[in-house]
Amino acid sequence: LIKFFEVVTHIILYQRNIYPSQLFKPVKKYGITINQSRHPQLNDYIAKVLMEGVYDFLEQGILNKFVIVIKERRYHEILEKFVF
């Protein structure tokens with residue numbers, strides 16, 4: 001599931017234009033082509049957050065949902081929320 005959450009995160013970052021589209025490259029995951037970040041620091045950050053913030057909950061069987069929240073930068077207003 002961690003890999004799925006990683007793929008979903010990249011898809012959302014690309015589709016919602018959180019980062020410039022030039023930062024992404026097409027890759028094949030789960031039989032479909034997605035746009036994945038080609039920036040090593042961003043990729044490492046995503047992997048680290050998932051391993052440190054989600055993995056233990058999955059291992060213990062207590063993960064109820066996985067939420068990605070997109071906030072407005074200046075006032076931190078929630079613009080979108082993706083719940084899995």
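Glu6 and Lys3 pair up in a salt bridge, with 3.4 Å between their closest N and O atoms. Both residues belong to helix 1 and sit 3 residues apart, about one turn of the helix. This is a predicted model, and a search of the whole structure finds 2 salt bridges. The notes below start with those pairs, then move on to helix 1, the core and a patch on the surface.

**Salt bridges**

- The two partners in helix 1 differ in their surroundings: Glu6 counts as buried because its relative accessibility is 17%, under the 20% cut-off, whereas Lys3 is exposed, with a relative accessible area of 54%.
- Arg16 forms a salt bridge with Glu80, and here the closest N and O atoms are 2.9 Å apart.
- Arg16 lies in the loop between helix 1 and strand 1 while Glu80 is in strand 4, so this pair ties together parts that are 64 residues apart in sequence.
- Arg16 is partly exposed, at 39% relative accessible area, and Glu80 also counts as partly exposed, at 26% relative accessibility.

**Helix 1**

- Helix 1 has 14 residues, and the 20 Å from its first C-alpha to its last is close to the 20 Å expected at 1.5 Å a residue.
- Buried positions in helix 1 include Ile2, Phe5, Val7, Val8, Thr9, His10, Ile12 and Leu13, along with the salt-bridge partner Glu6.
- If you look at what covers these buried residues, you will find strand 1 (24-29), strand 2 (32-37), helix 2, helix 3 (55-60), strand 3 and strand 4 (78-83) among the elements involved.
- After helix 1 comes Asn17, which has a positive phi, near 55 degrees.

**Nonpolar core**

- The largest nonpolar core holds 15 residues, and Ile12, Leu50, Val54, Phe66 and Ile68 are the ones that touch the most other members.
- Helix 1 (2-15), helix 2 (40-53) and strand 3 (67-71) each supply at least two residues of this core.
- Helix 1 gives the largest share of the core, 5 residues.
- Ile12 is a good residue to click on: leaving aside neighbours within four places in sequence, its contacts are Ile18, Ile68, Ile70, Phe82 and Phe84.

**Surface patch**

- On the surface, Leu1, Phe4, Tyr30 and Phe84 form a nonpolar patch, and together they have about 450 Å² of accessible area.
- Phe84 lies in the segment after strand 4 and is partly exposed, with a relative accessible area of 37%.
- Phe84 therefore takes part in the surface patch with its 37% relative accessible area, which is over the 30% needed for membership, and Phe84 is also in contact with Ile12.

Methods: Residues are numbered from 1 along each chain as its sequence is written. This is a predicted model: local features need pLDDT of at least 70, side-chain atom pairs count only at pLDDT 80 or more; totals for chains, interfaces and linings use all residues. Side-chain values use heavy atoms; hydrogens and water are left out. A nonpolar core is a set of buried Ala, Val, Leu, Ile, Met, Phe, Trp, Tyr and Cys residues joined through side-chain atoms within 4.5 Å. Buried means under 20% relative accessible area, exposed over 50%, partly exposed in between (1.4 Å probe, protein chains only). Helices (H or I, at least four residues) and strands (E, at least two) are DSSP runs, numbered from the N terminus. Contact means heavy atoms within 4.5 Å. The expected span of a helix is 1.5 Å times one less than its number of residues. Patches are made of residues with over 30% relative accessible area and no salt bridge: like charges are joined within 9 Å, nonpolar side chains (Val, Leu, Ile, Met, Phe, Trp, Tyr) within 5 Å. Accessible areas come from the Shrake-Rupley method with a 1.4 Å probe; for residues, only the protein chains shown count as cover. A salt bridge is a side-chain nitrogen of Lys or Arg within 4 Å of a carboxyl oxygen of Asp or Glu.
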